[in-house]
Protein chains: 2
Amino acid sequence: MSPHSAQPLTIFSGLTAAERKRLDGLASSRLLDAGNYLFHQHTPSQNVYVLESGILMMERSSSTGRRQVMAFMQPGNFIGIPHNQHYDYTVSALTASRVREMPLKAFVQLQDEIPTLKENVRGIGGNILAHTLDQVFALGQKKAHERVCFLLKQLSDRAAIPGASTIELVMTRQDIADYLGLTIETVSRAFGKLKREGVIAIYSAHKVEILDTEAVEEMALAD
Amino acid sequence: MSPHSAQPLTIFSGLTAAERKRLDGLASSRLLDAGNYLFHQHTPSQNVYVLESGILMMERSSSTGRRQVMAFMQPGNFIGIPHNQHYDYTVSALTASRVREMPLKAFVQLQDEIPTLKENVRGIGGNILAHTLDQVFALGQKKAHERVCFLLKQLSDRAAIPGASTIELVMTRQDIADYLGLTIETVSRAFGKLKREGVIAIYSAHKVEILDTEAVEEMALAD
DNA sequence: CGGGACCTTGAAACACCTCAAATATGGTGG
DNA sequence: CCACCATATTTGAGGTGTTTCAAGGTCCCG
């Protein structure tokens, strides 16, 4: 697992007030209802985004209908790091969300004028890669209940109060299943198993509490 | 799957002769015997590398001994893109290999002087992320024989003659298994199944030929 | 030609998936 | 505000693919 700095890296990290203002000058706000799409896979990439509020989901679908969820995104996250002509994933809103939308071209230009901005993009790219490598490890090496702990730990670490033991699962069981490479039934049974073992408490399908942090961490741990 | 340009991107792409010379001036050659390590997970990252000849393998291991192979690397590949204080994977040689080793600090500095170089690093980072996302999709959504096709297609696409139908598998079955999140036995049976179906021919454990390119592509395809 | 590592094959166990049904949840209109 | 409905989740039973354990075969190098 990659170390998290106390202050999570955002696109604004280390910018002066003036620089922030310039960056924000590029942006316009956009609201998304739950279930709506921010952009689609294979669409020309024309904008980048900063999530202000709400939860987004990044996914990739095959022509045969199989779906893999790549990430759940939280306020502060930067979306659409330019590396292709086209987005190679779809981003949609799990809850009503607000994003700041910036034209890709202008953003790229601004990067050349603000070195810190370029530095932040590089850092965020590194974090995304680290996250994705963790996911490869989880999908390749872990059993169902360990993968569920992997998700719980991620959500707990990134919660408003990092390490919070009560976790709001805004996504559906199907989203979780597609994130972890399992079926909804297996995810449900994995939650049940963790509950029976006293590792977690389930208050409702979308609200759980971690009772045994160590057990969760141990099962979630990637390296 | 991400599109490959006709000329694969390397760290040298688009550099002038003078710039190449400067970059190469930083480097010293290093030879690795088969089985030797280039660097280890959790080691401070002090160098970056360009693979000149041979095949390297990138892997990550957990404290519990489970191992996930993240990539097989070929001549031209760039290794060690800086995004952490420490390498978060181990790189070792599958065959006798030669790399050009460059001090990270000097390399980072040179990036500031040669914009094309910075651009290349960014592009390579994007390719690595795209590769890793493909792997997530494969591990999360594909069956054993489809994962094997996923690997065969990758190796075929990146062969000296791209799209070559005869493939040299320099890695062991265990390496393949750890790359695809399977066991050696399952990998072996998957090869057997593809052979029985006439999709591939197996000349030896480490030399196969793709007989039905379409079938391999279809099974390998991620999106 | 021998030996050790690697690979394949077989049989049985297990984890996960599929199909099916029961139950719980959350939003909506009355 | 409650009853209702559609949707999401859980639970159960049976099937399938993958793993595990074990044995036999192959390849390669000394």
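**Figure 1. The surface near DNA strand D, by residue class.** In this predicted model, the surface near DNA strand D is made up of 6 charged, 6 polar and 3 nonpolar residues. That surface draws on both protein chains: α6 of chain A and α6 of chain B each supply at least two of its residues. If you would like a place to start looking, the closest of the 15 residues surrounding DNA strand D are A:Arg173, A:Ser188, B:Ala144, B:Thr186 and B:Arg189. On the DNA side, sugar or phosphate accounts for 62% of the strand D atoms within 4 Å of the protein, and bases account for the rest.

**Figure 2. Chain A side chains at the phosphates of DNA strand D.** Three residues of chain A are worth picking out here, beginning with A:Arg173, which has a polar side-chain atom 2.8 Å from a phosphate oxygen of DNA strand D. In the side chain of A:Ser188, an N or O atom is likewise placed 2.8 Å from a phosphate oxygen of this strand. A:His206 completes the view, with a polar side-chain atom 3.1 Å from a phosphate oxygen of DNA strand D.

**Figure 3. The surroundings of DNA strand C.** Turning to the other strand, we find 15 residues around DNA strand C, and those that come nearest are A:Ala144, A:Glu185, A:Thr186, B:Arg173 and B:His206. By class, 6 residues of this surface are charged, 6 are polar and 3 are nonpolar. Helix α6 (184–196) of chain A and helix α6 (184–196) of chain B each supply at least two residues of the surface near DNA strand C. Of the strand C atoms within 4 Å of the protein, 63% belong to sugar or phosphate, with the remainder in bases.

**Figure 4. Base and phosphate contacts on DNA strand C.** Which atoms of DNA strand C do A:Glu185 and B:Arg189 approach? For A:Glu185, a polar side-chain atom lies 2.9 Å from a base nitrogen of DNA strand C. B:Arg189 also places a polar side-chain atom 2.9 Å from a base nitrogen of this strand. The partner of B:His206 is a phosphate oxygen of DNA strand C, 2.9 Å from a polar atom of the histidine side chain.

**Figure 5. Where chain A meets chain B.** Here 34 residues of chain A are in contact with 34 residues of chain B. Together the two chains bury about 3,200 Å², with 60% of that area on carbon and sulfur atoms. Between chain A and chain B there are 8 residue pairs in polar contact, with both residues at pLDDT 80 or more. On the side of chain A that touches chain B, β4 (56–61), β5 (67–73) and α3 (115–141) each supply at least two residues. The largest share, 14 residues, comes from α3(A). This side of chain A divides into 13 polar, 11 nonpolar and 10 charged residues.

**Figure 6. A salt bridge between the chains.** Chain A and chain B have 4 salt bridges between them. One of these joins A:Glu146 to B:Arg66, with their closest N and O atoms 3.0 Å apart.

**Figure 7. Confidence along chain A.** The mean pLDDT of chain A is 94, and 96% of the chain's residues reach 70 or more. Over residues 1–5 of chain A, however, the pLDDT is below 50, and this stretch has 7 contacts in the model beyond near neighbours in sequence. Where pLDDT is low, predicted coordinates should not be read in detail.

Methods
Residues numbered from 1 in each chain as written. Chains lettered and ligands numbered in written order. Heavy atoms only, no water. Contact = heavy atoms within 4.5 Å. Buried area = accessible area lost by both parts, 1.4 Å probe. Salt bridge = Lys/Arg side-chain N within 4 Å of Asp/Glu carboxyl O. Polar contact = N/O pair within 3.5 Å; in protein donor to acceptor, adjacent residues only side chain to side chain. Helix = DSSP H or I, 4+ residues; strand = E, 2+ residues; numbered from the N terminus. Nonpolar A, V, L, I, M, F, W, Y, C, P; charged D, E, K, R; others polar. pLDDT = per-residue confidence, 0-100. Near = heavy atom within 4 Å.
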